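I'm opening a fresh notebook page on a structure I haven't looked at before. Here is what I'm working from.

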Amino acid sequence: MNPFNRLILNGIRVLAVLGFSAPFRAGAEIKYVLHITVDGLRGDLLRGLMDTRPADYPNFRKLRDEGVSTFNARCDYDFSETLPNHCSAVTGRPVNNPAGAAGAGHQYNINSHSPGGHIHKLGAGQYLYKVSTFDTAHDRSLTTALYAGKTRLNVLVDSYNATNGRPDTTGVDNGRKKIDFISVADLSAAPDLLRVKNALVADITAAPLSKLRNYSLVHFTDTDTGGPGGGHWVGWGSPAWNGAVKTVDGYLGGIFTALTADGTDPEIKGKVAIILTSDHGGGGPAGPGGAFGTSHTDAASPLNYTIPLFIWGPGIPAGRDAHTLFKNRFDPADGRPGPTLSTPQPLRNADTANIAMGCSVCLQWRAPISNRNLPPFP
């Protein structure tokens, strides 16, 4: 078995493969992780907005200035669509198998979900369980949550429920159901879009004790299918789309306020990390002859595969390029590195699975961590 298979087939590898080059600050402790995906958030456009209209995007700037970031990460090599990339973001796997790494991809390559379906089936008579961030946290007696603005993300609910989740063999038996709290709905109308943020903030600020779970996957859809500024309706980079990015910035502001308010449960204050990325960009053509502006299905288009990635929280070095923190990740400049084990890889949204678990109370970063590698191909 090649080295990649030894890593990935054991599920998400948190301690042995993850680390930062900067020393971990004494006393810093992360016990809660918000793993945020902003659907259709294109990295180059976000960077341009932050540079030219900084007053409109103060909370994205906070993530950049107080944490590490890149606006030049990549989504999956073969797919620039919502579900395949969200499955990558929670499993740490690419969609397809890289050459020479049979069984490494999660292989959920469709952008739809039928009730009862899950990502563990590979075809007739085949079955391979895909360990997720939800497994890694829940099996260690930590609480988990999913807040999502598209019902198709119920593929994660059905993949890690009491039927399809695998038995817990780590310490105390916490059961097969890996997601403790679920809030999933199709949100596209402007009055409904903030329901994801509101549900999360309500749990953070619940009194007398916060209901924030140790690991939460949070999905905002404003910049993709949300009205009035979703890219599918008005085009990526349009004034309305820029306004949708500003709205998401406001959601982040609400989250930051909730985490630091005077009445916030002291158990969570100063102990929360935010890992933010996107499933894909947008604005590339929908195949030969397709119109630019309102699609993202062509995974070979730079407009579709360029995404941001932020890591923020106690102990995270400030103002650094995220690619510089990992020994085996490299800024791809304008390139599209291929899916081979010998090709130097950029940070991808699939890497956020291992990054999120490395930040969590699963490890409790209480001491310096040396500069380690991420899995060789996300």
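First thing I wanted to know: which residue follows H4, and is its phi positive or negative? I found Gly92 right after H4, and its phi is positive, near 75°. Note to self: I'm reading a predicted model here.

**Entry: helix H4**

I stayed with H4, which spans residues 82-91. I checked how covered this helix is, and ten of its ten residues are buried. The list I wrote down runs Thr82, Leu83, Pro84, Asn85, His86, Cys87, Ser88, Ala89, Val90 and Thr91.

**Entry: the whole chain**

I stepped back for an overview. I have twelve helices and ten strands in the chain. Of the 378 residues, 59% are buried. I also looked up how far apart contacting residues sit along the chain. Among contacts with a separation of 6 or more, 75% are between residues 24 or more positions apart.

**Entry: helix H3**

Next I went to H3, residues 58-66. Which of its residues are buried? I noted Asn59, Phe60 and Leu63. Looking down the axis of H3, I see these buried residues fall within an arc of 110°, so they line one face of the helix. That made me recall some helix geometry: an α-helix has 3.6 residues a turn, so residues three or four places apart point the same way.

I then asked what the buried residues of H3 pack against. My list has H2, H10 and three strands: S2 (68-74), S8 (272-277) and S9 (306-312).

H3 also has charged pairs to jot down. Lys62 and Glu66 form a salt bridge, N to O at 3.1 Å. Both belong to H3 and sit four residues apart, about one turn of the helix. I looked up their accessibility too: Lys62 has a relative accessible area of 25%, so I put it down as partly exposed. Glu66, at 38%, is partly exposed as well.

Arg64 and Asp65 make another salt bridge, with their closest N and O atoms 2.8 Å apart. Arg64 is partly exposed at 22% relative accessible area, and Asp65 is partly exposed at 39%.

**Entry: salt bridges across the chain**

How many salt bridges are there? I get a count of 13. I picked out one between Lys246 and Asp56, at 3.5 Å from N to O. This pair links distant parts of the chain, 190 residues apart: Lys246 is in H10 (residues 239-260), while Asp56 is in the loop between H2 (43-52) and H3. Lys246 has 41% relative accessibility, so I count it as partly exposed. I also marked a network of salt bridges that links Asp39, Lys150 and Asp224.

**Entry: H8 against H10**

H10 came up twice, so I followed this helix to a partner. How do H8 and H10 pack? H8 covers residues 195-204, and I have the two helices at an angle of about 5°, with axes 9 Å apart. The cut-off for calling a pair roughly parallel is under 35 degrees. H8 and H10 are therefore roughly parallel to each other.

I wrote down who makes the contact. From H8 I have Lys197, Leu200, Val201 and Ile204, and from H10 there are Tyr251, Gly254, Ile255, Ala258 and Leu259. Sorted by type, the residues of this contact come out as seven nonpolar, one polar and one charged.

Conventions
Residues are numbered from 1 along each chain as its sequence is written. This is a predicted model: local features need pLDDT of at least 70, side-chain atom pairs count only at pLDDT 80 or more; totals for chains, interfaces and linings use all residues. Side-chain values use heavy atoms; hydrogens and water are left out. A salt bridge is a side-chain nitrogen of Lys or Arg within 4 Å of a carboxyl oxygen of Asp or Glu. Buried means under 20% relative accessible area, exposed over 50%, partly exposed in between (1.4 Å probe, protein chains only). The arc is that of the directions from the helix axis to the C-beta atoms. Contact means heavy atoms within 4.5 Å. Axes are lines fitted to C-alpha atoms, for helices over the stretch in contact, and angles run from 0 to 180 degrees between N-to-C directions. Angles under 35 degrees count as roughly parallel, over 145 as roughly antiparallel, 65 to 115 as roughly perpendicular and the rest as oblique. Ala, Val, Leu, Ile, Met, Phe, Trp, Tyr, Cys and Pro count as nonpolar, Asp, Glu, Lys and Arg as charged, and the others, Gly among them, as polar.
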